[in-house]
Each structure stands twice: as structure tokens, then as C-alpha cells.
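Reader: Before I rely on any of the labels in this model, I would like to see how each one follows from its cut-off. Could you take me through them?

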Amino acid sequence: MIPVIDFSSYRLSDVRSPPSDEDLAPLADEVYKAFSEVGAIYLKNHGFDLSLVDEYMKISKKFFSLPKDVKEKFSYDKEAGYMYHGYHHLQEHLSHDSTVADMKEAYNTYPQWKGEWPDEYVPGLKDQGLNIIKPCMELNNRILQTVALGLKWPRDTLTKLHSTDRPSHNSMRTLYYYPVPEGYKPKPGQSRCGKHTDTGSFTFIFQDNVGGLEIKNVSGEWIPATPLPGAILVIIGHATQCWTDDKLKATEHRVGVPDGDVNIAKGRQSVIFFGDPDNDAMIGSIEGTKYQAARYDEYTADFIYDIQK
Ligand SMILES: O=C(O)CCC(=O)C(=O)O
Ligand SMILES: [Fe+2]
């Protein structure tokens with residue numbers, strides 16, 4: 001079971017004076033324990049306005065319903081700096097240890113993107129996407145503070161690597177897993193999203209009610225990450241694994257094709273926030289010696305995670 005954590009004591013919408021380290025200690029211990037013993041958490045009472053995501057899913061659906069040649073005008077361009085911004089074709093995504101394409105399409109949003117957006121076809125895809133990233137970054141920083149306190153580190157140990165005004169790869173992805181045609185037999189190893197880990201500090205997963213997402217817990221068992229209304233699923237990324245010298249391990253996750261399930265014929269939508277440190281932040285073990293110091297952007301450039309051509 002993925003623990004459900006009540007984040008009320010550090011919720012986003014609370015604008016009173018920030019809680020002291022002592023005020024946060026019980027929450028910090030709970031968050032750290034859940035991440036280290038299970039590998040993922042559901043956050044409730046987080047103060048993030050989930051209607052932003054509902055609206056974004058509706059807008060995204062309009063984009064995914066456009067003709068293929070229109071969507072492809074906005075395909076990501078590997079040469080264009082923020083290389084994953086834009087549309088990722090159907091059948092293009094390969095999870096990193098898989099040779100079979102995932103059954104999905106996606107549109108990634110990077111706030112720094114200077115190229116074109118599909119505004120004339122889908123008004124709001126840009127603005128609504130950007131609206132969501134900001135509070136997610138703020139919530140990520142609050143989680144990073146609780147994790148630092150849970151580790152008995154100074155509270156800003158990780159947030160000082162996540163300034164909000166320096167170049168970073170904080171980004172968002174909206175995904176559409178198309179309905180699986182009746183009688184379709186997935187190729188060996190094929191799924192909606194093959195197993196992988198994410199690269200940054202923490203990832204937030206917002207999903208509709210179709211299901212199929214699983215995480216591998218710390219004991220090595222695949223367990224369902226069933227959609228929990230009102231809660232945000234938070235999983236651990238590689239950078240956090242490095243900083244904590246494996247005390248918190250990057251969470252493997254995947255989305256299966258629900259074989260024989262009533263949901264097989266349904267499309268699935270999810271929205272993912274990838275929380276990242278600053279491009280020039282140092283990652284590597286903060287205590288311990290397992291991971292050498294490296295600049296985050298240089299480390300990710302060498303790290304092939306889930307996108308290969
Ligand atoms: O759709 C999901 O629930 C997970 C997607 C995911 O893990 C990713 O895009 O990195
Ligand atoms: Fe992922």
C-alpha cells in the first residue's frame with residue numbers, strides 16, 4: 001500500500017507565517033519514512049488546485065484529437081535546446097530497457113520554450129500548462145524541505161538546488177494512452193508505458209480514473225498506484241537518489257495494458273510534473289561517497305531515460 005500523507009501542516013494555500021522546523025518535524029519524519037520504506041506517497045490536503053489539472057486534461061484531449069499531420073507540426077525537436085518540448089508521436093516512446101514502443105502519445109511543456117505553441121488549434125494548452133508548473137514547483141520545494149528535515153539535514157539543503165529563477169528543466173507532460181482495440185494482442189513486452197525511473201528530484205502524477213499505473217516498492221514488488229481522488233501521487237527521481245546516497249531510491253513505475261480488464265477499451269489520460277533541480281545544481285552524494293558530484297544538466301545529458309529514437 002502506498003501511504004497517504006496529510007500535508008495540511010505545509011499545504012500550499014496556507015499563507016500564514018511558515019511553520020518552524022519543530023512544527024514540521026512530525027510531517028518530515030512521516031514523509032521520509034514513507035519514501036524510504038515504500039518508495040512513493042499520496043499527498044492529500046496539499047493545497048494545490050486540482051481543477052487546474054482537470055481543465056488541462058480537457059484541453060489536452062482536444063490537442064490529441066487533432067489530425068496527425070497537425071500534431072506533427074509541433075513535434076519536439078532534439079536540436080532545439082529544451083529538446084523534449086512538444087509533441088511526441090504515437091509509437092515513438094521507448095522506455096529505456098524496452099525495444100517495443102509504448103502505446104501512448106504525449107505533449108511536453110517547458111516554461112523556457114521559445115518556439116511555437118499550438119495556440120491557434122488549441123487555445124489554452126500553453127497557458128494552462130504553464131499555470132500548473134508554478135504551484136507544482138512550489139509544492140516540490142515544500143516536499144524537499146520535509147525530506148531534508150526527515151534526514152536531519154538543514155531545511156534548505158535541497159531547496160537551495162531548486163531556485164525558481166535559474167534555468168532548469170522543470171517540465172510537465174500530458175499523456176494520452178489511446179484505447180486498446182478489442183482483440184489487440186500487445187507485442188511481447190509492449191505496454192502503455194514501459195518500466196522506468198525519472199531523472200529529477202520528485203515527480204507528481206495526476207491521473208484520470210482508468211488505472212493501470214504500478215510502482216515497484218522498496219521490497220521489490222509491483223503494486224498498483226490506484227487513482228486516489230483529491231490526492232497527488234509523488235514518486236522519487238534519480239537526483240534525489242544521488243543526494244541521499246540511496247536512502248531514497250528512484251521509484252520504478254510503469255503503466256500496463258489491463259489485459260481482459262473492462263478498462264482495456266478506454267483511453268487513459270495523465271498529467272505529470274517533473275520536478276528538477278537547477279541546470280547548474282550539483283548532484284551527487286551529500287553525505288556518503290556513492291555518487292560523485294556532477295552538474296545536473298551534464299548528468300542528464302548522459303542519462304538515457306525514456307526517450308529514444
Ligand atoms: O502516465 C503515467 O501515469 C506515468 C507516466 C510516466 O511515468 C512518465 O511519463 O514518465
Ligand atoms: Fe515516469
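Author: His196 is buried, and Asp198 is buried too, a label given to residues under 20% relative accessible area, with exposed meaning over 50% and partly exposed in between, for a 1.4 Å probe and protein chains only. This is a predicted model, in which local features need pLDDT of at least 70 and side-chain atom pairs count only at pLDDT 80 or more, while totals for chains, interfaces and linings use all residues. Residues are numbered from 1 along each chain as its sequence is written, chains are lettered from A and ligands numbered from 1 in the order in which they are written, and side-chain values use heavy atoms, with hydrogens and water left out.

Reader: What makes His196, Asp198 and His253 donors of the iron ion (ligand 2)?

Author: A donor is an N, O or S atom within 2.8 Å of the metal (3.2 Å for Na, K and Ca), and sites may look incomplete because water is not among the atoms. His196 (NE2), Asp198 (OD) and His253 (NE2) coordinate the iron ion at 2.1 to 2.4 Å, and are therefore donors under the 2.8 Å limit. Their spacing in sequence is H-x1-D-x54-H.

Reader: How do you know that Asp198 has a polar contact with ligand 1?

Author: A polar contact is a pair of N or O atoms within 3.5 Å; within protein, one must be able to donate a hydrogen and the other to accept it, and residues adjacent in sequence count only if both atoms are side-chain atoms. A polar side-chain atom of Asp198 is 3.4 Å from an oxygen atom of ligand 1, while for side-chain N or O atoms the distance to a ligand oxygen is 2.7 Å at Arg173 and 2.9 Å at Arg268. Ligand 1 taken alone exposes 300 Å², of which the protein buries 100%, as given by the Shrake-Rupley method with a 1.4 Å probe, where for residues only the protein chains shown count as cover.

Reader: Why is Ala239 called buried?

Author: Ala239, in helix 5 (residues 238–243), where helices are DSSP runs of H or I with at least four residues and strands are runs of E with at least two, numbered from the N terminus, has a relative accessible area of 0%, and therefore counts as buried. Beyond four places in sequence, Ala239 touches residues including Thr199, Pro277 and Tyr299, contact meaning heavy atoms within 4.5 Å.

Reader: And why does Thr157 count as buried, although this residue is found in a loop?

Author: Thr157 lies between helix 4 (125–150) and strand 5 (171–177), but its relative accessibility is 12%, so Thr157 counts as buried. Outside its neighbours within four places in sequence, Thr157 is in contact with Ala148 and Ile286, and a polar atom of its side chain lies 2.4 Å from the backbone oxygen of Pro154.

Reader: What makes strand 2 a partner of both strand 1 and strand 10?

Author: Pairing requires at least two bridges found by DSSP between two strands. Strand 1 (residues 4–6) and strand 2 have three bridges in the parallel sense, with Asp6 bridged to Lys44, and strand 2 and strand 10 (residues 232–236) have four in the antiparallel sense, with Leu43 bridged to Ile232. Strand 2 (residues 40–44) is mostly covered, four of its five residues being buried.
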